Amino acid sequence: MISEVSLADRTLAQAPPPGWEGVRLTAPSRHPVIGVPVSVTDYDEAVAATLTAARAGVPFLVTALAVHGVVEACTRPDMGRAIAGFDVVTPDGQPVRHALNLLQERRLRDRVYGPTLMLRLCEQAAREGLPIYLYGSTEAVVETLAAALQARFPGLVVAGREPSVFRPLEPQERRALGARIRASGARMVFIGLGCPRQELFAWENRDLIGLPQICVGAAFDFHAGNKRQAPRWMQDLSLEWLFRLSQEPRRLFRRYAYTNSVFLLALARQLLGTRRISEDRT
């Protein structure tokens, strides 16, 4: 199912380019996973929806949530409100995909992984001449990332790049950042601040930036060669969290112990509730 939102219904930071006034943005349908709306989508649909907004030069918020992000959105009111305002929330982790398939009787064959989504968008951006902007991480990472993406996708225009300041931006800083991004000529902005900071940032600055923002977190480090990705077989078996834990045990142990437990317990309750409703109807 596709939900449609007319450009005329959106509060825009800038008017769409001439000829785009009648365009209708499409976004995949979403269904709750432990109370968090997650898009039932695949790579092709997520890329197509984002590119439509990029061509039009209008706000469009995309994020890829694994278990950690879903739990953050479930337990933190500010994150929950932000995610409710996103246009696309892809099932980044295999457990989130499995949950959607169980709860909604869907047949999603693969997750929509943030790092891969970024590469597919950059590939298409290079083909269409849609400049991108990189915001987040450190100066060394964004510099290396920009060079790596341009080497991988000849013709890709990186209109601008700047690191995070690792603190909330003041109102005047937010306005200045939005102005810099718009003045750069970028059509898509990739945000690499980590969850939930990147989602809160994108939502808060939606209309100041006025362009598609794609929150991809660790993709900055992965594609810059700063961190290793899990082998494909571990990704397919829903064990990426275990690989990342082995790489950063001190930082991630408490996070995964908490979020994995909360996710499994909440999912079990939702499944039981869904089955009871189904039984009551029969």
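**A walk through the cores and the odd backbone spots**

Let's start inside: the largest nonpolar core has 43 residues, and those with the most contacts within it are Leu-117, Met-118, Ile-132, Leu-134, Leu-149, Phe-190 and Phe-220. A nonpolar core here is a set of buried Ala, Val, Leu, Ile, Met, Phe, Trp, Tyr and Cys residues joined through side-chain atoms within 4.5 Å, and buried means under 20% relative accessible area (exposed is over 50%, partly exposed in between, with a 1.4 Å probe and protein chains only). Keep in mind that this is a predicted model: local features need pLDDT of at least 70 and side-chain atom pairs count only at pLDDT 80 or more, while totals for chains, interfaces and linings use all residues. Residues are numbered from 1 along each chain as its sequence is written, and side-chain values use heavy atoms, with hydrogens and water left out.

Which elements give two or more residues to this core? They are β2 (24-28), α1 (43-56), β5 (60-65), α5, β7 (132-136), α6, β9 (188-192) and α10 (219-223). Helices (H or I, at least four residues) and strands (E, at least two) are DSSP runs, numbered from the N terminus. The most comes from α1, with eight residues. Apart from this core lies another one, of 38 residues, including Ile-34, Val-96, Leu-177 and Ile-191.

Now look at Leu-117. Setting aside neighbours within four places in sequence, Leu-117 is in contact (heavy atoms within 4.5 Å) with Tyr-43, Ala-46, Val-47, Val-62, Thr-90, Val-112 and Ile-214.

Next, a helix pair. Helix α5 (residues 114-128) packs against helix α6 (residues 139-152) at an angle of about 60°, with their axes 10 Å apart. Axes are lines fitted to C-alpha atoms, for helices over the stretch in contact, and angles run from 0 to 180 degrees between N-to-C directions. The two helices are therefore oblique to each other; under 35 degrees counts as roughly parallel, over 145 as roughly antiparallel, 65 to 115 as roughly perpendicular and the rest as oblique. Met-118, Leu-119 and Cys-122 of α5 make the contact with Leu-145, Leu-149 and Arg-152 of α6.

Finally, the backbone. Most residues other than glycine have a negative phi, and most peptide bonds are trans. Ile-34, in the loop between β3 (30-33) and β4 (36-39), has a positive phi of about 45° although it is not a glycine. Ser-137, in the loop between β7 and α6, also has a positive phi, of about 60°. A cis peptide bond joins Cys-195 and Pro-196, with omega about 5°.
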